[in-house]
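Me: I would like to learn how to read a model like this one, feature by feature. Can we start with a single residue and work outward?

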Amino acid sequence: MALSPQVPELGALELLLEVARQGSVGRAAGVLGISQPAASARIKGMERQIGVALLERSPRGSRPTPAGRLVVEWARQVVEAAQALDAGIAALREDRDARLRVVASLTVAEYLMPGWLLALHSALPGTAVTLRTANSQAVAQQVLAGEADLGFVEGSRTPPGLGGVAVAADRLVVVVAPDHPWARRRSPVGAAELAATPLVLREPGSGTREVLDRALGGPAVPLLELASTTALKAAALAGAGPVCLSELAVADELATRRLVEVELAGLDLRRPLRAVWPAGQRPAGPARELLALTGTAAGGVLKRLNRKT
């Protein structure tokens, strides 16, 4: 229910209470840091708004009228309630600023998040951070359910119901062991051949799988489905077959030739890495600070990887 036009604003009620305490409009104005003419004008405006005289003025000062005493008592309750609200909001903000819940896809959590969290610790050393990992589909679900303050996903689109922004770029690669026939191949592998070849893949619901399937125009053929980047790399190093995973994950292995990148033709496997949050709720507190740090930190990681490869 909307308040009537006769209800004064909170600042006017605080002034009235101070006049009642000090016994003088001038002294009340001094306590509140405003001029006496401004305080007098505000009291008169409040009297016109309410429709009754609130103060009896004399050379010795000002005191509430009978009606003014009632308004002072009501004003005290309103101001005390507003102060309680203010204190409660401050406590909520302190609690929010003391912790940060993050859920991130495996690629982001393993290869980018450590640097971001180190930068966050330098900026906000008192913030306790909880980091969980999941595939991109599960990340979106946890953020939508309010189980995380900020999420990080892989994929070409922001998941439904979420707002988001790209914080880094990544590229999927197909890698094989050095003794695999594709390691010595001179011609690129085309989309049709790759789509027909059983691959070692992430599980459905992962951002890696979503980007690959989209690029191929349909589901890739799984030789194995593994739920972690570490397992994918181990399979590639063991010679299980062609493996599709993030370039971030195999930068060292490619640089040392323990794995070989397969040249592809007619496929765009680039993808953004996104920070996500519930639509209409811009990140605040430590989540906002982490979001601001990601661009610079991610850029540094990617530049180092590019130098290695």
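Reply: Gladly. Start with Val167, which sits in strand β6, residues 162-176. Keep in mind that the model is predicted.

Me: Is Val167 buried or exposed?

Reply: The general idea is a cut-off: buried means under 20% relative accessible area. Val167 has 11%, so it is buried.

Me: How far apart in space are Val167 and Arg57?

Reply: Take the C-alpha atoms. For Val167 and Arg57 they are separated by 64 Å, with the two positions 110 residues apart along the chain.

Me: What does the radius of gyration say about the whole protein?

Reply: Begin with the inventory: 12 helices and 13 strands. The radius of gyration is 31 Å, while the globule rule gives 19 Å for 309 residues, so the protein is more spread out than a compact globule. The box tells its own story. Along the principal axes, the C-alpha atoms fill roughly 105 × 40 × 25 Å.

Me: How many of the residues, in percent, count as buried?

Reply: Of the 309 residues, 41% count as buried. Turn to the surface next. The protein exposes about 15,800 Å², and 55% of that is supplied by carbon and sulfur atoms.

Me: What share of the contacts comes from residues 24 or more positions apart?

Reply: Count the contacts with a separation of 6 or more. Residues 24 or more positions apart account for 72% of them.

Me: Show me a residue with such partners.

Reply: Take Gly151 in strand β5, residues 150-154. Set aside the neighbours within four places in sequence. Gly151 is then in contact with Val103, Val139, Val143, Arg274, Ala275 and Val276.

Me: Is Gly151 buried or exposed?

Reply: Its relative accessibility is 0%, so Gly151 counts as buried. Distance can be read here too. Gly151 and Arg185 lie 34 residues apart along the chain, and their C-alpha atoms are separated by 40 Å.

Me: Now helix packing. At what angle do α2 and α3 cross?

Reply: Look at the axes and the angle together. Helix α2 covers residues 25-32 and helix α3 covers residues 36-50; their axes come within 8 Å and cross at roughly 110°. Angles of 65 to 115 degrees count as roughly perpendicular. The pair α2 and α3 is therefore roughly perpendicular.

Me: Which residues make that contact?

Reply: From α2 come Val25, Gly26 and Ala29; from α3 come Gln36, Ala39 and Ser40. By class, the contact has three nonpolar residues, three polar and no charged.

Me: How does α1 pack against α3?

Reply: Helix α1, residues 10-22, meets α3 at an angle of about 110°, with the axes 10 Å apart. That makes α1 roughly perpendicular to α3. On the α1 side are Gly11, Ala12, Leu13, Leu15, Leu16 and Val19; on the α3 side are Ala39, Arg42, Ile43 and Met46. This contact divides into eight nonpolar residues, one polar and one charged.

Me: Ala39 appears in both lists. Where is Ala39 placed, and what does Ala39 touch?

Reply: Ala39 belongs to helix α3. Not counting residues up to four places away in sequence, Ala39 touches Leu15, Val25, Ala29 and Ile34. With a relative accessible area of 0%, Ala39 is buried. Compare positions along the chain and in space: Ala39 and Ala275 are 236 residues apart in sequence and 49 Å apart, C-alpha to C-alpha.

Me: One backbone feature to finish. Which phi does Arg257 have?

Reply: Arg257 has a positive phi of about 65°, although it is not a glycine. Check where the residue sits. Arg257 lies in the loop between α11 (251-255) and β11 (260-261).

Me: Is Arg257 buried or exposed?

Reply: Apply the other cut-off: exposed means over 50% relative accessible area. Arg257 has 54% relative accessibility, so it counts as exposed.

Notes
Residues are numbered from 1 along each chain as its sequence is written. This is a predicted model: local features need pLDDT of at least 70, side-chain atom pairs count only at pLDDT 80 or more; totals for chains, interfaces and linings use all residues. Side-chain values use heavy atoms; hydrogens and water are left out. Helices (H or I, at least four residues) and strands (E, at least two) are DSSP runs, numbered from the N terminus. Buried means under 20% relative accessible area, exposed over 50%, partly exposed in between (1.4 Å probe, protein chains only). Axes are lines fitted to C-alpha atoms, for helices over the stretch in contact, and angles run from 0 to 180 degrees between N-to-C directions. Angles under 35 degrees count as roughly parallel, over 145 as roughly antiparallel, 65 to 115 as roughly perpendicular and the rest as oblique. Contact means heavy atoms within 4.5 Å. Ala, Val, Leu, Ile, Met, Phe, Trp, Tyr, Cys and Pro count as nonpolar, Asp, Glu, Lys and Arg as charged, and the others, Gly among them, as polar. The radius of gyration is taken over C-alpha atoms; the globule rule is 2.2 Å times the number of residues to the power 0.38. Accessible areas come from the Shrake-Rupley method with a 1.4 Å probe; for residues, only the protein chains shown count as cover.
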